[in-house]
Amino acid sequence: MDSLDEEQIETLRKAFDSFDTEKTGSITAETIATIMRMMGVKISEKNLQEAIAETDEDGSGLLEFEEFVELSAKFLIEEDEEALKAELREAFRIYDKEGNGFITTDVLKEILAELDSRLTPADLESIIEEVDEDGSGTLDFDEFMEMMNG
């Protein structure tokens, strides 16, 4: 539950409670699939069943609220990561003006200076040294992604 904010947990609580019509404190796997679809999560039945089996600690086929939140967090966090990757890919594409599949370390310095005006030239140099491990003077998308994800 640590990975979700209060608002997300509250939304999950409302969804859970509205489907726990018998007020038993648990919901079925079929219900979970319905909730996931309503939340816009795209997942195959097989993957959902595997995730439920992983999360359903007592093997009852029912998920209590805490288990439901744990399961939901996996999908919500994955979607956030995918969205972030898409945004970073778009940013990289914008700076890779020639479409070479890399950006120069000089371009990266400009980006970093724009992001944080407090970075000194020495700070920028040490960041570049760290991310440009092979000393090529360029970064491909994977290196850029790794750097941006810290």
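At 65% relative accessibility, E98 counts as exposed, because the word is used here for residues over 50%. In this predicted model, E98 belongs to the loop between helix 4 and strand 3, the strand being residues 102-104. If you follow the chain onward from E98 to D116, you pass along 18 residues, and the C-alpha atoms of the two residues turn out to be separated by 26 Å.

Helix 4, which comes before that loop, spans residues 65-95, and one of its residues is E67. Is E67 buried or exposed? With a relative accessibility of 8%, E67 counts as buried, since the cut-off for that word is under 20%. When its neighbours within four places in sequence are left aside, E67 is in contact with T55, D56, E57, D58 and L62.

From single residues we can turn to the interior. In soluble globular proteins, nonpolar side chains tend to be buried together. In this model the largest nonpolar core has 22 residues, and those with the most contacts inside it are L12, I32, M36, L48, F68, L71 and F75. Which helices supply this core? Helix 1 (6-19), helix 2, helix 3 (45-55) and helix 4 each supply at least two of its residues, while helix 4 gives the most, with seven residues. M36 offers a view from within, for M36 touches V41, L48, L71, S72 and F75, not counting residues up to four places away in sequence. There is also a second, separate core, which has 14 residues and includes L108, L124, I128 and F144.

M36 also leads us to helix 2, which runs over residues 29-38 and whose buried residues are A29, T31, I32, A33, I35 and M36. Two packed helices are described by the angle between their axes and the distance between the axes. For helix 2 and helix 3, the axes come within 11 Å and cross at roughly 120°, and the two helices are therefore oblique to each other. The crossing in which helix 2 passes helix 3 is right-handed. On the side of helix 2 the contact is made by A29, I32, A33 and M36, and on the side of helix 3 by L48, Q49 and I52. Just after helix 2, the backbone at G40 takes a positive phi of about 85°.

Another positive phi deserves a careful look. Most residues other than glycine have a negative phi, and most peptide bonds are trans. K23, although it is not a glycine, has a positive phi of about 55°. Where does K23 lie? K23 is found in the loop between helix 1 and strand 1, the strand being residues 26-28, and at 60% relative accessibility K23 counts as exposed.

The last part of the tour concerns charged side chains. Side chains of opposite charge can pair when their charged atoms come close. The count for this model comes to five salt bridges, and three of these pairs can be followed here in turn. In helix 1, D17 and R13 are four residues apart, so about one helical turn separates them. D17 forms a salt bridge with R13, in which the closest N and O atoms are 3.3 Å apart. D17 is partly exposed at 31% relative accessibility, and R13 is partly exposed with a relative accessible area of 31%.

Helix 3 holds a pair with a similar description, because K46 and E50 are four residues apart in this helix and are separated by about one helical turn. In the salt bridge between K46 and E50, the closest N and O atoms lie 3.1 Å apart. Here K46 is exposed, with a relative accessible area of 58%, whereas E50 counts as partly exposed at 41% relative accessibility.

What separates the partners of the pair in helix 4, E90 and R93? Being three residues apart in helix 4, E90 and R93 are separated by about one helical turn. These two residues form a salt bridge whose closest N and O atoms are 2.5 Å apart, and E90 is partly exposed, with a relative accessible area of 35%.

Terms used
Residues numbered from 1 in each chain as written. Predicted model: local features only at pLDDT ≥ 70, side-chain atom pairs only at ≥ 80, totals over all residues. Heavy atoms only, no water. Buried < 20%, exposed > 50% of the residue type's maximum accessible area, 1.4 Å probe, protein only. Core = buried A, V, L, I, M, F, W, Y, C linked by side-chain atoms within 4.5 Å. Contact = heavy atoms within 4.5 Å. Salt bridge = Lys/Arg side-chain N within 4 Å of Asp/Glu carboxyl O. Axes fitted to C-alpha atoms, helices over the stretch in contact; angles between N-to-C directions. Parallel < 35°, antiparallel > 145°, perpendicular 65-115°, else oblique. Left-handed = near helix turned anticlockwise from the far one by under 90°.
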